[in-house]
Amino acid sequence: MSKRDYYEVLSVAKDASERDIKKAYKRLAMKLHPDRNEGDKAKEEQFKEVKEAYEILNDDQKRAAYDQYGHAAFEQGGHGGGGGFGGGQDFGDAFGDIFGDIFGGGGRRGGGQSRQRRGSDLRYNLDLSLEEAVKGKTLEIKVPTFVSCDPCDGSGAKKGTSAKTCSTCHGHGQVQMRQGLFAVQQTCPTCSGKGKVISSPCTSCRGQGRVEKTKTLSVKIPPGVDTGDRIRLSGEGEAGEHGAPAGDLYVQANVKEHKIFVRDENHLYCEVPISFTTAALGGDIEVPTLEGKVKLKIPKETQTGKMFRLRGKGVKSVRSHSTGDLMCKVVIETPVSLSGDQADLLRQLEEKMGKSTSKHSPKETGFFDGVKKFFDDLKS
Ligand SMILES: [Zn+2]
Ligand SMILES: [Zn+2]
């Protein structure tokens, strides 16, 4: 869906004055505010649109950039490809701001030092094989992000110049306005609450103090991580605007499916097929573990589906020193492609055992006794 023109959203002319924009915004915001339109999704969306338009058009620099480049000036290009990044504003912010702007006070820009907004946190989805997750690994990832602008050192002001303290608000970011009997605090219209004004913006970053860049980072994955575990790289998120501190980068592990093992916390599960003679007579088989094959003794008369626990052959926990177990479920494989001779031998075996089913196949006998009783009960 393409974005509507910001001037259109606020129903103002392209050359509208700052006052007109503010007026239009207040009128619309009052009308569309979610507190007045509880549960109305369409109005909520409109409200967000209006708020976004206002934030751009109310800021001299952003408005100039928008006039020149359109919506492209604020798109964070390159995101979404490859890593998969979360981001975006949460709803709490949207409300905090409008109350700050309209009713004065309480907004997140209220505090003296908190005007500088920290850069966004980023999330990087990292796919790992089970082996990599279990053993740990150091690997390089490429992250599209914003970094502090070099030429202006993140200030946003052209080299040799610097941001000046805003003369309207004297650096406070807020101004007192009279409305009838009340004095109301408002975000400073000259500097949009930043407290500083840049008269000659840096050309590299268009005055933003940060530029887009794909960073290459080395990430150490500790042994034992599982799907959903996050590794925080402090300060490796997006650089903030105008030299504000950077956000954090969260690398989120996603362990891919394995051909043999299924992981549940720190235990591993696998299925091992065994022949019916091994099941009947017992014997040694080899079972896979993450460190290679190990011997497993199958006792005689083992039934299909029996689970064998190999202690300590699971995954070493990333949080504690404990190690999980490997659970091997044996499944009896019915022989296939029998030759005539082989089939004859099986028939002979069956005949020999036939006279005493209850001895060799107690389950089968018990089952059919149960079935017979079931039908007898129905008849009576
Ligand atoms: Zn710059
Ligand atoms: Zn100001």
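Guide: Buried means a relative accessible area under 20%, exposed means over 50%, and partly exposed lies in between (1.4 Å probe, protein chains only). The structure above is a predicted model, where local features need pLDDT of at least 70 and side-chain atom pairs count only at pLDDT 80 or more, while totals for chains, interfaces and linings use all residues. Residues are numbered from 1 along each chain as its sequence is written, chains are lettered from A and ligands numbered from 1 in the order in which they are written, and side-chain values use heavy atoms, leaving out hydrogens and water.

Visitor: Is Cys-169 buried or exposed?

Guide: Its relative accessibility is 2%. That value is under 20%, so Cys-169 counts as buried.

Visitor: Which protein donors hold the zinc ion (ligand 2)?

Guide: Donors are N, O and S atoms within 2.8 Å of the metal (3.2 Å for Na, K and Ca), and sites may look incomplete because water is not among the atoms. Here the SG atoms lie 2.2 to 2.3 Å from the zinc ion (ligand 2). Along the chain the donors follow the spacing C-x2-C-x18-C-x2-C. They are Cys-166, Cys-169, Cys-188 and Cys-191.

Visitor: What is the relative accessible area of Cys-166?

Guide: Cys-166 is another donor of the zinc ion (ligand 2). This residue is buried, and its relative accessible area is 1%.

Visitor: What arrangement do the 4 donor atoms around the zinc ion (ligand 1) have?

Guide: The donors are the SG atoms of Cys-149, Cys-152, Cys-202 and Cys-205, lying 2.3 Å from the zinc ion (ligand 1). Four donors count as tetrahedral if all angles lie between 85 and 135 degrees. The angles here run from 104 to 115°, so the arrangement is tetrahedral.

Visitor: What spacing do the donors of the zinc ion (ligand 1) follow along the chain?

Guide: Two of these donors, Cys-202 and Cys-205, are buried. Along the chain, the spacing of the donors is C-x2-C-x49-C-x2-C.

Visitor: How many residues apart in sequence are Gly-195 and Lys-164?

Guide: Gly-195 sits in the loop between strand E5 (182-187) and strand E6 (196-197), and counts as buried at 2% relative accessibility. From C-alpha to C-alpha, Gly-195 and Lys-164 are 8.6 Å apart in space. In sequence, their separation is 31 residues.

Visitor: Which strands stand at the edges of the open sheet?

Guide: Strands (E, at least two residues) and helices (H or I, at least four) are DSSP runs numbered from the N terminus, and two strands pair if DSSP finds at least two bridges between them. The sheet has 4 strands with mixed pairing, in the order E10-E11-E15-E14. Each edge strand has a single partner, so one side of each is left without a neighbour in the sheet; these are E10 (262-264) and E14 (307-310).

Visitor: What is the bridge partner of Tyr-269 in E15?

Guide: E11 (residues 267-275) and E15 (residues 326-333) pair in the parallel sense over 8 bridges. E14 pairs with E15 in the antiparallel sense over 4 bridges, and Arg-309 stands opposite Met-327 in E15. For Tyr-269, the bridge partner in E15 is Met-327.

Visitor: Which residue in E11 does Arg-263 stand opposite?

Guide: E10 and E11 pair in the antiparallel sense over 3 bridges. Opposite Arg-263 in E11 stands Leu-268.

Visitor: At roughly what angle do the axes of helix H2 and helix H3 cross?

Guide: Axes are lines fitted to C-alpha atoms, for helices over the stretch in contact, and angles run from 0 to 180 degrees between N-to-C directions. The axes of H2 (residues 18-32) and H3 (residues 41-57) come within 10 Å. Angles over 145 degrees count as roughly antiparallel, and H2 is roughly antiparallel to H3 because their axes cross at roughly 160°.

Terms used. Tetrahedral: all angles 85-135°; square planar, octahedral: opposite > 155°, others 65-115°. Parallel < 35°, antiparallel > 145°, perpendicular 65-115°, else oblique.
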